[in-house]
Amino acid sequence: MSIATREIHLKHRPTGLPTPADFALVETTLPAPKPGQILVRNLWMSVDPYMRGRMDERKSYIDPFALDQVMDGAAVGVVEQSADPRFAAGDRVVHFAGWREHALIDAAHATPVADDGIPLQTYLGALGFPGLTAYVGLTRIANAQAGETIFVSAASGAVGSVVVQMAKQMGLRVVASAGSEDKARWLRDVAGADAVIDYRNAPDLTAALAQAAPQGIDIYFDNVGGDHLDSALALARDHARFVLCGMISGYNEGKPAVGVRNLFSAIEKRIKLQGLIASDHIDVLPEFVPRMSAWIKAGQVQLRETVVDGLERAPEAFIGLFKGANTGKMLVRLTKS
């Protein structure tokens, strides 16, 4: 049977920081699934900084959003109708058809989620691409070793908060940066960071990092770019490894990002700088999921979420990412049932 539902469309390509006027809440009707398809009622959806790049019409590692079409992204939900033998009504799945209350998708594009006591929305955070990004960055790119010092920017965000806690489990000394005293307190008292910089109240970020890491840093996990990257280069030890995950400080600039001021130090110090896109590393999932699940169940990785209720508030949640509105994973809860 068909079902009436709602979805979010991209109405305009933003200039600078997106506004609510760039989005449209649209009512639509979905038909019953055809053979090989399932109809999913989404319970939670993810909003992530990388989606800002998809709002611009330019070539990148993922296609841009189309205007006046439903947007997409990670979501988790429950199967309501199935025309595929792999799924039955009531099954829990994770998929990439977010920004909508119901999704009609090919069954091959859905992944079943076990009811193992871990909250379903965790598969959008620590057990989803943010967690996988943290894991790959630390293990594959940085080759992190116990006793090393790591600097993590945007450390209270979806990726950074997992990086901090994973690094502690791996025996590293962790220096974190965040944009408020509340976030800094959580990083110290809950996530276990050894030193935290409240960068909004640090007149000289490089001096603050030098005080927090007097022996320098071996690894930099970059979620910010800009002055954070400059400071990390200044404090890097010889043969440091930089994991370039995101540069949120420049996503809404509307012009090419300004280059770092002291990149020559990467040559002098023989620094490795490598970009990271988690979808390049799907093969690590069989190793990552059991390890992360065990850390979560043991309380060694604490989950921090910022939850906004209702599909109509999804644009608000997304825009909030660029205003520091979230601690941990920013999530949109589509239904409380």
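Is Glu57 buried or exposed? At 67% relative accessibility, Glu57 counts as exposed, where exposed means over 50% relative accessible area, buried under 20%, and partly exposed in between, with a 1.4 Å probe and protein chains only. Keep in mind that this is a predicted model: local features need pLDDT of at least 70, side-chain atom pairs count only at pLDDT 80 or more, and totals for chains, interfaces and linings use all residues. Residues are numbered from 1 along each chain as its sequence is written, and side-chain values use heavy atoms, with hydrogens and water left out.

**The chain as a whole**

- You get nine helices and 15 strands here, with helices (H or I, at least four residues) and strands (E, at least two) being DSSP runs numbered from the N terminus.
- A compact globule of 337 residues would have a radius of gyration near 20 Å, and the chain agrees because its own value is 20 Å; the radius is taken over C-alpha atoms, and the globule rule is 2.2 Å times the number of residues to the power 0.38.
- Along the principal axes, the C-alpha atoms fill a box of roughly 65 × 45 × 35 Å.
- Of the 337 residues, 53% count as buried.
- Contacts (heavy atoms within 4.5 Å) reach far along the sequence: among those with a separation of 6 or more, 67% come from residues 24 or more positions apart.

**Surface and charge**

- About 14900 Å² of the chain is exposed, and carbon and sulfur atoms supply 52% of that; the areas come from the Shrake-Rupley method with a 1.4 Å probe, and for residues only the protein chains shown count as cover.
- There are 34 positive and 37 negative side chains, and the centres of the two sets lie 2 Å apart.
- For that tally, Lys and Arg count as positive and Asp and Glu as negative, while His and the chain ends are not counted; each charge is placed at NZ of Lys, CZ of Arg, CG of Asp or CD of Glu.

**Salt bridges**

- The count comes to 20 salt bridges, each being a side-chain nitrogen of Lys or Arg within 4 Å of a carboxyl oxygen of Asp or Glu.
- One of them pairs Lys11 with Asp68 at 3.4 Å, N to O. Lys11 sits in the loop between strand E1 (3–10) and strand E2 (23–30) and Asp68 in the loop between helix H1 (51–54) and strand E4 (75–82), so this pair ties together parts 57 residues apart in sequence.
- Lys11 is partly exposed at 40% relative accessible area, and Asp68 is partly exposed at 40% too.
- Glu57 pairs up with Arg13, with 3.9 Å between the closest N and O atoms. This one links the loop between H1 and E4, home of Glu57, to the loop between E1 and E2, home of Arg13, 44 residues apart.
- Arg13 counts as partly exposed at 26% relative accessibility.
- Arg333 and Asp309 form another bridge, their closest N and O atoms being 2.6 Å apart. Arg333 lies in strand E15 (residues 329–333) and Asp309 in strand E14 (residues 305–309), so the pair joins parts 24 residues apart in sequence.
- Both ends are partly exposed: Arg333 at 25% and Asp309 at 26%.
- Arg6, Glu101 and Glu312 belong to one network, joined by salt bridges that share partners.

**A look at Val307**

- Val307 lies in strand E14 and is partly exposed, at 35% relative accessible area.
- Leaving out residues up to four places away in sequence, Val307 touches Trp44, Leu331 and Arg333.
- Val307 and Asn42 are 265 residues apart in sequence and 15 Å apart in space, C-alpha to C-alpha.
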